[in-house]
Every structure is written in C-alpha cells, then in structure tokens.
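This report introduces a structure to a reader who has not met it before. Please look over the sequence and the structure shown here before reading on.

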Amino acid sequence: MKTASFAFAIALMGVATTAPAQTAPPAPASADPDNDQNNPHVAAANQDVAAQAAARQDAIAGANADAQAGADAQYTADMASYRQALRAHHRAIVRDARVYDHQQRAYADAMRAWRHQVYACKHGSHKACRAPTPDPASYW
C-alpha cells in the first residue's frame, strides 16, 4: 500500500511540473510597413491628424472663451442687480427707522402728557380728571 501511494505522489509531481512554453519573439517595429515613420504616407497622415486635433483644440478654446465671456457678463449683471437691491433695501431700512423713531417720540410725548394729566388730577384738577387720555397720534 505504501508503494502505491509513493508512486501516485511521484506521478502527481510529474504532472504538476510542466515545461514552459516557448514563444517566438515579436517582430521588430521596423518590419511593419504601416508603422514606418519614414514612409511619406504615414507622415502625411500624421500631419493631417495633428492638423485636425489642432483645429478641434482651437474650436474648443473659442467656444470656452465665448462661454467665459457670457458667464463674465452674467456675473457683472448679477452683481449690479445685487448692489441695486442692496441699496433699495438700505433705503427701506432707513425710511422704516425714521418712521419708528417718529412713532416712539409721539408715544413718549403722549405718555409725558398723560403723566402730567394724572399728576394734575391727583392734585385737585377736576378738568384734568375729566380730560381724555392723550392719543399718540395727536403728537405725530
């Protein structure tokens, strides 16, 4: 039984080791007639492709320049619109602040008149007691 196992293991080792395949080296680049840089047809084709690539690059650059000019113009217009809106907002804030200040002064004047009226009423002036409460709109 040991001999059969030993023979089987040797047979498997023989199968596992295969000889590397031999391949032919690739042909040199100069052997390909379409890859010859000295060939006038290849040189002309290369020049045509280079000219087409340059034309595409010029077209792309022109389109990018036009797009950038349009974007710059839109940016300038947006900034001008923003500044105009900011100035209008500032004017509205200043106007509202003036109105608020005027309202506060009218209310303070009415409260001063009311305190004066209360003082007069507490010190015996029946006319001050019967007078209506001062209205801040009257002091506007």
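## Two cysteines and their exposure

Cys 121 has a relative accessible area of 30% and is therefore partly exposed, since that class lies between the limits of 20% for buried and 50% for exposed. Cys 129, with a relative accessible area of 37%, is partly exposed as well. The model under discussion is a predicted one.

Cys 121 and Cys 129 are joined by a disulfide, with an S to S distance of 1.8 Å. A pair of cysteine sulfur atoms within 2.5 Å is taken as a disulfide, and by this rule the count is 1 disulfide. The torsion about the S-S bond of Cys 121 and Cys 129 is about 105°, so the disulfide is right-handed.

## Overall architecture

The chain contains 3 helices and 0 strands. Read from the N terminus, its elements follow the order α-α-α. Helix H2 spans residues 40–122.

Of the 140 residues in the chain, 5% are buried.

## A positive surface patch

Which residues form the positive surface patch? The patch consists of Arg 83, Arg 87, Arg 91, Arg 95 and Arg 98.

One of these residues, Arg 87, can be placed further: Arg 87 is located in helix H2. The relative accessibility of Arg 87 is 48%, so this residue counts as partly exposed.

Terms used: Residues are numbered from 1 along each chain as its sequence is written. This is a predicted model: local features need pLDDT of at least 70, side-chain atom pairs count only at pLDDT 80 or more; totals for chains, interfaces and linings use all residues. Side-chain values use heavy atoms; hydrogens and water are left out. Buried means under 20% relative accessible area, exposed over 50%, partly exposed in between (1.4 Å probe, protein chains only). Patches are made of residues with over 30% relative accessible area and no salt bridge: like charges are joined within 9 Å, nonpolar side chains (Val, Leu, Ile, Met, Phe, Trp, Tyr) within 5 Å. Accessible areas come from the Shrake-Rupley method with a 1.4 Å probe; for residues, only the protein chains shown count as cover. A salt bridge is a side-chain nitrogen of Lys or Arg within 4 Å of a carboxyl oxygen of Asp or Glu. Lys and Arg count as positive and Asp and Glu as negative; His and the chain ends are not counted. The place of a charge is taken as NZ of Lys, CZ of Arg, CG of Asp or CD of Glu. Helices (H or I, at least four residues) and strands (E, at least two) are DSSP runs, numbered from the N terminus.
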